[in-house]
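Biologist: Please pick one part of this model and go through it closely, pair by pair. After that, add what else can be said about the rest of the chain.

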Amino acid sequence: MDADALTADVAEKYQKFVNPTALALLKIAGFDKVEWEGSGATLRDAHGTEYIDCLGGYGTFSLGHANPRVVAAVTEQMQRLPLSSKTFLNKPLADLAALLAAITPGNLQYSFICNSGAEALEGAIKFARMTTGRTKIISAEGSYHGKTLGALSASGRDTYKTPFAPLLPGFVHVPFGDSEALAVAVDGETAAILLEPIQGENGIRIPPDGYLKAARELADKHGALLILDEVQTGLCRTGKLFACDWEGVAPDIMTLAKSLGGGVMPIGAIVGTQRVWDAVFRENPYLHTSTFGGNEAACVAGLTALTIMQEDNLAEQSRVKGEKLLAGLKGIQEKHPALIMEVRGRGLMIGVEFSDSDIQKLAIGSLVENGVVVAYTLNNTKIMRVQPPLVITDEQIEKVIAAFDQALTDTADVLSLLD
Ligand SMILES: *Cc1c(COP(=O)(O)O)cnc(C)c1O
């Protein structure tokens with residue numbers, strides 16, 4: 001089948017069998033191509049056209065696409081024993097949990113390995129209830145914790161929640177980054193404060209310095225747990241291994257997913273303290289389980305990904321490359337102050353805030369034409385996320401900046417025609 005026929009066939013099946021409205025949206029953005037192969041920060045469609053991937057799977061592809069070391073390790077495991085029989089002990093699971101205990105901050109010690117970010121949040125919510133015997137959970141407006149019912153209850157955008165009401169009771173939402181609002185909300189009934197260290201889907205929002213510290217102190221004062229959702233910020237994305245390392249704050253429960261799979265396998269993790277594990281698992285070790293969770297292939301992907309991140313010092317790479325990309329994008333903002341309101345970020349977690357979501361749509365379309373894939377953040381459609389693989393090269397960063405420059409010029413031209 002040639003590329004045109006293949007693309008038409010896939011589009012037709014999306015229309016008939018997957019999600020026709022999603023297909024229509026992808027068409028508008030110029031995203032109705034079939035992704036075919038990838039390596040590093042490069043993605044190729046079925047026509048062989050190359051793109052620099054600055055969406056990066058919302059943080060999944062920190063090690064790039066099809067990272068050869070992760071693929072090789074997973075392939076070896078796949079050929080021997082891909083999925084756990086759950087009968088005997090699982091070596092990759094044990095090794096991954098031990099490594100997570102060694103690299104996570106504070107007293108985080110035990111890990112439950114699951115299959116996705118939302119699943120990690122479900123577990124974290126259950127564990128917080130069990131540990132404290134309380135049900136109130138404080139989370140932030142605009143937050144994103146996933147779309148299963150529990151994670152959705154914690155999340156902060158009504159569009160995704162209202163159609164599925166009633167959700168779980170006990171969730172209280174406070175403005176993000178406001179420690180005084182947090183202080184008012186937390187009390188002796190609070191099981192946990194649940195926060196993203198930097199809000200990803202709400203448009204790469206960085207809280208004021210001291211916010212996580214304040215949350216930690218409030219949780220301690222009231223006997224509540226601090227849950228940090230590092231599903232997107234974790235594992236070198238912000239220029240440190242964990243985003244909470246910027247403030248030297250350690251949670252009682254940390255959730256991970258996205259980049260933990262090395263861009264090769266789906267995986268999630270709930271990492272918790274001795275106190276949490278005693279409360280949840282001491283009496284019944286099977287109180288929380290998952291058939292596929294902790295499978296050998298996913299754990300090998302996680303182990304290999306963490307090893308590469310440490311050996312190649314990806315946190316430092318993210319910090320240095322992030323500064324370069326941020327500076328380039330700020331330069332473009334200066335040229336188009338009416339179109340771009342702000343460029344902000346930490347490491348390679350960067351958000352570009354447009355004056356209007358339609359202007360952003362034009363810019364996204366133009367960027368794709370110029371060989372760069374980007375997207376908006378789910379909870380705020382005015383903000384473009386720029387989250388390339390951390391292995392992006394300097395030359396690719398320069399190309400991205402040039403493509404942005406061109407895309408904004410094109411967008412300004414289109415807008416002037418409309419005036
Ligand atoms: C993506 C994300 C989730 C949900 O992860 P899924 O694997 O999509 O279920 C949860 N929390 C944060 C912060 C995320 O960015």
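Modeller: What follows takes one sheet strand by strand and then turns to the ligand, the cysteines and two single residues. The model is a predicted one, and every value below is computed from it.

The sheet is open and has four strands, in the order β1-β2-β3-β13, with mixed pairing. Its edges are β1, residues 35-39, and β13, residues 372-373, each of which pairs on one side only. Starting at the β1 edge, this strand pairs with β2, residues 42-45, in the antiparallel sense, and four bridges link the two. Across this pairing, E37 stands opposite R44 of β2.

On the next step across the sheet, β2 is joined to β3, residues 50-53, by three bridges, and these strands also run antiparallel. Here L43 has Y51 of β3 opposite it. The connection between β2 and β3 is a hairpin with four residues between the strands. In that turn, G48 has a positive phi of about 90°.

The last step changes the sense of pairing: β3 and β13 are parallel and share two bridges. D53 has V373 in β13 as its bridge partner. As a rule, the side chains of a regular strand alternate between the two faces of the sheet.

Next, the ligand. Its surroundings consist of S116, G117, A118, Y144, H145, G146, E196, D229, V231, Q232 and K258. Sorted by class, this shell holds three nonpolar, five polar and three charged residues. Two of the polar contacts use the backbone. One places a backbone N or O atom of G117 at 2.8 Å from a ligand oxygen. The other places a polar backbone atom of A118 at 2.8 Å from an oxygen atom of the ligand. A side chain takes part as well, with a polar atom of K258 lying 2.7 Å from a ligand oxygen. The ligand on its own exposes 380 Å², and 83% of that is buried by the protein.

Now the cysteines. A search through the whole structure finds zero disulfides. A disulfide is a covalent bond between the sulfur atoms of two cysteines. To count here, the two sulfur atoms must be within 2.5 Å. C114 does not form one because its sulfur is 10 Å from the closest cysteine sulfur, that of C299, which is too far for a bond. C114 is also buried, at a relative accessible area of 2%. C236 is ruled out likewise, because 13 Å separates its sulfur from the closest cysteine sulfur, in C244. C236 too is buried, with 2% relative accessible area.

Two single residues remain. Q360 belongs to helix α14, residues 357-369. With a relative accessibility of 1%, Q360 counts as buried, because the limit for that class is under 20%. The side chain of Q360 has a polar partner, the backbone nitrogen of M384, at 2.9 Å.

G347 sits in the loop that lies between β11, residues 340-346, and β12, residues 349-354. At 12% relative accessibility, G347 is likewise in the buried class. Its C-alpha is 8.4 Å from the C-alpha of Q317, and the two residues are 30 apart in sequence.

Note on methods: Residues numbered from 1 in each chain as written. Predicted model: local features only at pLDDT ≥ 70, side-chain atom pairs only at ≥ 80, totals over all residues. Heavy atoms only, no water. Near = heavy atom within 4 Å. Polar contact = N/O pair within 3.5 Å; in protein donor to acceptor, adjacent residues only side chain to side chain. Areas by Shrake-Rupley, 256 points an atom, 1.4 Å probe, with all protein chains shown as cover. Nonpolar A, V, L, I, M, F, W, Y, C, P; charged D, E, K, R; others polar. Buried < 20%, exposed > 50% of the residue type's maximum accessible area, 1.4 Å probe, protein only. Pairing = 2+ DSSP bridges.
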